[in-house]
Amino acid sequence: MARLSQPITPARIERAARKLGPLERDILMLSAREKLGRDEIAARLDLTPEQVDRLLAEALVKLHRALERQERPWWKLW
């Protein structure tokens, strides 16, 4: 993954998080903001811990890609 050159601000993260699906966003917020572990998130959302791991990993990858897209001009997205 490419290194991001612009500072990561809360506003940039919020904008990038809008690209996530609702479940991915919920898992990311429970993990990052509420500092819940995978078992607590799984219990709260009625998922297995393995599902939480997979969805959190996918959310982080999508978040990073969305942050990268914010830095590149639209003509360099292909």
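Which residues form a positive surface patch? In this predicted model, the patch is made up of R15, R18, K19, R65 and R69. One of its members, R69, sits in helix α4, which covers residues 49–71. With a relative accessible area of 38%, R69 is partly exposed.

A look at the overall fold helps to place these residues. The protein chain contains four helices and zero strands, and its elements follow one another along the sequence as α-α-α-α. Of the 78 residues in the protein chain, 28% are buried.

One buried residue worth a visit is E24. It belongs to helix α2, which spans residues 22–32. The relative accessibility of E24 is 7%, and because the cut-off for a buried residue is under 20%, E24 counts as buried. The side chain of E24 has two polar partners described here. A polar atom of this side chain lies 3.2 Å from the backbone nitrogen of G21. The side chain of E24 is also joined to the side chain of K62 by a polar contact of 3.0 Å.

Charged pairs come next. The structure holds six salt bridges, among them the pair of R33 and E14, whose closest N and O atoms are 2.3 Å apart. R33 is in the loop between α2 and α3 (38–45), whereas E14 is in helix α1 (residues 10–17), so this salt bridge ties together parts that are 19 residues apart in sequence. The two partners can also be described by their accessibility: R33 is exposed, at a relative accessible area of 56%, while E14 is partly exposed, at 35%.

And what links R38, D39 and D53? These three residues are connected in a network of salt bridges. Within this network, the side chain of R38 meets that of D39 at 3.9 Å, N to O, and the salt bridge between R38 and D53 has an N to O distance of 2.3 Å. R38 lies in helix α3 and D53 in helix α4, so the R38 and D53 pair ties together parts that are 15 residues apart in sequence. R38 counts as partly exposed, with 37% relative accessibility. D53 likewise counts as partly exposed, with 35% relative accessibility.

Finally, the loops deserve a glance at their backbone angles. In the loop between α2 and α3, where K35 lies, the phi of K35 is near 55 degrees, a positive value in a residue other than glycine. K35 is exposed, with a relative accessible area of 66%. The loop between α3 and α4 holds D46, and here phi is near 60 degrees, again a positive value in a residue other than glycine. D46 is exposed as well, with a relative accessible area of 72%.

Terms used:
Residues numbered from 1 in each chain as written. Predicted model: local features only at pLDDT ≥ 70, side-chain atom pairs only at ≥ 80, totals over all residues. Heavy atoms only, no water. Patch = residues over 30% accessible without salt bridge, like charges linked within 9 Å, V, L, I, M, F, W, Y side chains within 5 Å. Areas by Shrake-Rupley, 256 points an atom, 1.4 Å probe, with all protein chains shown as cover. Salt bridge = Lys/Arg side-chain N within 4 Å of Asp/Glu carboxyl O. Lys, Arg positive; Asp, Glu negative; His and termini not counted. Charge placed at Lys NZ, Arg CZ, Asp CG, Glu CD. Helix = DSSP H or I, 4+ residues; strand = E, 2+ residues; numbered from the N terminus. Buried < 20%, exposed > 50% of the residue type's maximum accessible area, 1.4 Å probe, protein only. Polar contact = N/O pair within 3.5 Å; in protein donor to acceptor, adjacent residues only side chain to side chain.
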